[in-house]
Amino acid sequence: MQDPAAAAVPVDVRVRFAHASVQTVAGDCGADLIHIKGPSVDPETNPGRRSGTDADVLVRPQHVPALVEGLAEAGWVRWANFDEGSRFEHAASFHHQQFGMLDVHQNFPGLHNAPRENFEELWRGRRWVEIAGVDCAVPDRLSERLILLLHAARTSPGHVDVTNHWDRLDQDERDRLDRLAESLGATVGLALATGRADAVAGHREVALWKEYGEGERLEEWLARWRAAPSARARFALLVRAPRVNRFALAERLGRQPTRAEVRREWWHRTRLGLTSVGQGLPGPLRRGSR
């Protein structure tokens, strides 16, 4: 799965090279992308934040196909598609033998309702930083705060990003963040990240966010069903529900799964799903069974 020589390289170094690689690919194919999290963040406003183990980029949605094609030509192998690993269908995962993992975001949870407009807003305010010798576009500092807080909303309580980007801010700075979140349609995610769930109680997205931190696999899909904006979106969910997350299966097997193994996993998930629905018990589909 990984070049033995690359395994000897520190993870944070490989992540930096992953950012540089995807930026080079984007330049070659004309794709606009913004580097998020990891080495792209401002170190002065992120004390105590750990380095990640993969690279993350947010791509102009119209440019995703060109970037995906360019990544394949550059030796990146797609492990999971956009609709396989996330209830927000926001990112596809790629692996490179030398550089490790890369998440390509076509939107970002909390910014997912109007991805094209939101990307354009972030792109207008972009800054440039050098990562592994390559100039990379990153969000302006206020947008960076918002993105990190939205990420914190789907992780554990007490996340360092909440401390850095909310608890330590004065009221004027918090008001600016709230206004930015409102303009980008990210009010729900920001409220949940910052302990203000009461302010968005009853919103259809709340259950979807809640399922990140708790709940059963069946409950997750029910939350996705409730949050779906149309009958067409709900039909698509029914089709995708038993699909196999190839990235998770590869992690479990320690290698890329064969087609036969993916088919067996699909049938296994389908049988468990039917059993759970029939019995009204979500137990067989707990997260650990993914």
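These questions and answers walk through the sheet, the cores, the helix packing and some loop residues of a predicted model.

Residues are numbered from 1 along each chain as its sequence is written, and side-chain values use heavy atoms, with hydrogens and water left out. Because the model is predicted, local features need pLDDT of at least 70 and side-chain atom pairs count only at pLDDT 80 or more, while totals for chains, interfaces and linings use all residues.

User: In what order do the five strands of the open sheet stand?
Analyst: Strands (E, at least two residues) and helices (H or I, at least four) are DSSP runs, numbered from the N terminus. Two strands pair if DSSP finds at least two bridges between them. The pairing in this open sheet is mixed. The order is E1-E2-E5-E4-E3.

User: Which strands stand at the edges of the sheet?
Analyst: An edge strand here has a single partner strand, so one side is left without a neighbour in the sheet. The twist averages 30° from one strand to the next. The edge strands are E1 and E3 (77–80).

User: Which residue in E2 stands opposite Ile34?
Analyst: Strands of a sheet pair through backbone hydrogen bonds, either parallel or antiparallel. E1 and E2 (residues 54–59) run antiparallel, joined by four bridges. Opposite Ile34 stands Leu58.

User: How many bridges join E4 to E5?
Analyst: E4 covers residues 91–96 and E5 covers residues 100–105; they run antiparallel. A hairpin of three residues joins them. Ala91 stands opposite His105 in E5. The number of bridges is six.

User: Which residue in E4 stands opposite Ala80?
Analyst: E3 and E4 run antiparallel, with three bridges between them. Ala80 has its opposite number in E4: Ser93.

User: How many of the six residues of E4 are buried?
Analyst: Buried means under 20% relative accessible area, exposed means over 50%, and partly exposed lies in between (1.4 Å probe, protein chains only). In a regular strand the side chains alternate between the two faces of the sheet. In E4, Ala91, Ser93 and His95 point one way, and Ala92, Phe94 and His96 the other way. The buried count is six.

User: Which helix gives the most residues to the largest nonpolar core?
Analyst: A nonpolar core is a set of buried Ala, Val, Leu, Ile, Met, Phe, Trp, Tyr and Cys residues joined through side-chain atoms within 4.5 Å. The largest has 30 residues, and Leu111, Leu122 and Leu146 are among those with the most contacts inside it. E1 (33–36), H4 (115–124), H5 (141–152), H6, H7 and H8 (187–193) each supply at least two residues. With six residues, the top giver is H5.

User: How many residues does the second, separate core have?
Analyst: This core includes Ala18, Val68, Leu71 and Phe82. Its residue count is 20.

User: At what angle do H6 and H7 pack?
Analyst: Two packed helices are described by the angle between their axes and the distance between the axes. Axes are lines fitted to C-alpha atoms, for helices over the stretch in contact, and angles run from 0 to 180 degrees between N-to-C directions. The axes of H6 (residues 160–167) and H7 (residues 171–183) are 10 Å apart. Their angle is about 110°.

User: Which residues in H7 do His165, Trp166 and Asp167 meet?
Analyst: Contact means heavy atoms within 4.5 Å. The three named residues belong to H6. They meet Arg174, Leu177 and Asp178.

User: At what angle do the axes of H5 and H7 cross?
Analyst: These axes come within 10 Å. Leu142, Ser143, Arg145, Leu146 and Leu149 in H5 meet Arg176, Leu177, Leu180 and Ala181 in H7. The crossing angle is roughly 75°.

User: Is Lys37 buried or exposed?
Analyst: Lys37 is found in the loop between E1 and E2. Its phi is near 60°, a positive value in a residue other than glycine. With a relative accessible area of 11%, Lys37 is buried.

User: How far apart in space are Gly158 and Thr194?
Analyst: Gly158 lies in the loop between H5 and H6. Gly158 is exposed, with a relative accessible area of 71%. The two residues are 36 residues apart in sequence. In space, C-alpha to C-alpha, the distance is 9.5 Å.
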